[in-house]
Amino acid sequence: MITLKKLAEKCGVSIATVSNILNDKSNVSESTKTRVLKMVEELGYKPNYLARNLRIQKTNTIGLIIEDITAFSTSHIVEGIMGFLERHGFKVIFENLRMYSKYKDFEKEKAKFIKGVNAAYSQLMAFRVDGIIYIAAHSRHIDFLSAFNEVPLVLCYSECDTPDICEVVIDDKKAAAEMIDFFVEKGFSNIGIIKASEENVHAKKRLEGCLESFKTHKLKVNPDFIVQGDWTRESGYEACKKIFSIGFGKTEGKKTIFCFNDLMAAGVYDYLLEEKMEVGSDVCVAGFDNREISQFLRPNLTTLEIPLMDIGKKSAELLYNKISGIEQSSKKVDIPCRLIKRKSVR
């Protein structure tokens, strides 16, 4: 492998001159620059960035610890992170913990999972990254990052109590309240809700937002019409079936069902179609996430869009600011969701 010294000898210039050209410094003549770059291409020279970075104690590299790259939110978050960091001259390396495939019972295997997190952190530190973004697969309270204090760290899509760690989350509560406000604006008097377990932070906050909006508009809450699913299409079908079995269909006035994700909303479509009811006419339906399925359903699903790329971009911006010594105005950033109005709610 050709070294910088040998390349300089081949070009008949100093090592400093070659280094200036490779780093796009302006104090080199165009003819010399052209000659050196041609020789670089001919010889296939690859700069040893690791050695250079070790000398200057900065690698311009960011580490990502990703809980599970297959999570629906992760790829868009990473894209937002990459876009920001590339514009600011940073490279990215990541560790994928494969949480969903490796840990079938997360609570029972949490200690094992944390061991994997620690190993990922150690690996990134071996690469001398300038900072780390931890990307959660879903929002929850994370309590095992406090020891990671060698470089700046930002928690993305989750929460923690560690004072030095900034966190970026979505504003689930405000988004859910906005959906109920929209229903009221459209004249709905009967609102069913298909939630998920309140042990899940997303589900808990979305329900809080719904109930707060009910209270604001002085709407009566019928607890029988708030049924739990488990985020799957099948559970949406079963929850919808349960709501109708206890009289939702017999109530007077316009009816709508708000599902805490789009997959459960698809299950509601399945049940209504099976019962020969028309979505958007007999019963309106709304979801949350704005996943691809929301546009494939007929009629298209009204939903709340999670701005995943914005979450990634903001996480990268916070980390960049921490690395650059720029003071943060807040430890926690809530990213608002966007209401997407489609024909499933009329």
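**Entry 1: aromatic rings**

I began with the rings, and I found that Tyr103, Phe106, Phe113, Tyr134 and Phe144 form one aromatic cluster. I note at the outset that this is a predicted model, and I read every entry below with that in mind.

I then looked up how many aromatic pairs the structure holds, and the count is 15. One of them joins Phe182 and Phe183, whose rings are tilted, with 6.4 Å from centre to centre and 40° between the planes. I checked the surroundings of these two residues as well, and both Phe182 and Phe183 are buried.

Another pair that I looked up is made by Phe225 and Phe248, and here the arrangement is edge-to-face, at 5.1 Å centre to centre and with 80° between the planes. I wanted to know where the two partners lie: Phe225 belongs to the loop between helix H9 (201–216) and strand S7 (226–228), while Phe248 belongs to the loop between helix H10 (233–245) and strand S8 (255–259), so the pair ties together parts that are 23 residues apart in sequence. Are these two rings buried or exposed? Phe225 has a relative accessible area of 7% and is buried, and Phe248, at 0% relative accessibility, counts as buried too.

**Entry 2: charges over rings**

I next looked for charged side chains placed over rings. The charged end of Arg206 sits over the ring of Phe288, at 3.6 Å from the ring centre. I also noted Lys254, whose charged end sits over the ring of Phe188, 4.5 Å from its centre.

**Entry 3: cysteines**

How many disulfides does the structure hold? I found zero, and I went to individual cysteines to see why. For Cys210, the closest cysteine sulfur is that of Cys259, and because the two sulfur atoms are 11 Å apart, they are too far for a bond. For Cys240, the closest cysteine sulfur is again in Cys259, at 7.6 Å, which is also too far for a bond. I added the accessibility of both residues to my notes: Cys210 is buried with a relative accessible area of 0%, and Cys240 is buried with a value of 0%.

**Entry 4: the chain as a whole**

I turned to the overall picture and recorded 13 helices and twelve strands in the chain. The radius of gyration is 26 Å, well over the 20 Å that the globule rule gives for 346 residues, so the chain is more spread out than a compact globule. Along the principal axes, the C-alpha atoms fill a box of roughly 90 × 40 × 35 Å.

I also noted that 48% of the 346 residues count as buried, and that the chain exposes about 17900 Å², of which carbon and sulfur atoms supply 50%. When I looked at contacts between residues at least 6 apart in sequence, 71% of them turned out to join residues at least 24 apart.

**Entry 5: Val40**

I closed with a single residue, Val40, which I located in helix H3 (residues 30–43). Its relative accessibility is 13%, so Val40 counts as buried. Which residues does Val40 contact, leaving aside its neighbours within four places in sequence? I found Leu7, Leu22 and Tyr45. I lastly looked up the separation between Val40 and Arg338, which lie 298 residues apart along the chain, and their C-alpha atoms are separated by 49 Å.

Note on methods: Residues are numbered from 1 along each chain as its sequence is written. This is a predicted model: local features need pLDDT of at least 70, side-chain atom pairs count only at pLDDT 80 or more; totals for chains, interfaces and linings use all residues. Side-chain values use heavy atoms; hydrogens and water are left out. Rings of Phe, Tyr and Trp (its six-membered ring) pair if their centres lie within 6.5 Å; planes under 30 degrees apart count as stacked, over 60 as edge-to-face and the rest as tilted. Buried means under 20% relative accessible area, exposed over 50%, partly exposed in between (1.4 Å probe, protein chains only). Helices (H or I, at least four residues) and strands (E, at least two) are DSSP runs, numbered from the N terminus. A charge sits over a ring if NZ of Lys or CZ of Arg is within 6 Å of the ring centre and within 35 degrees of the ring normal. A disulfide is a pair of cysteine sulfur atoms within 2.5 Å. The radius of gyration is taken over C-alpha atoms; the globule rule is 2.2 Å times the number of residues to the power 0.38. Contact means heavy atoms within 4.5 Å. Accessible areas come from the Shrake-Rupley method with a 1.4 Å probe; for residues, only the protein chains shown count as cover.
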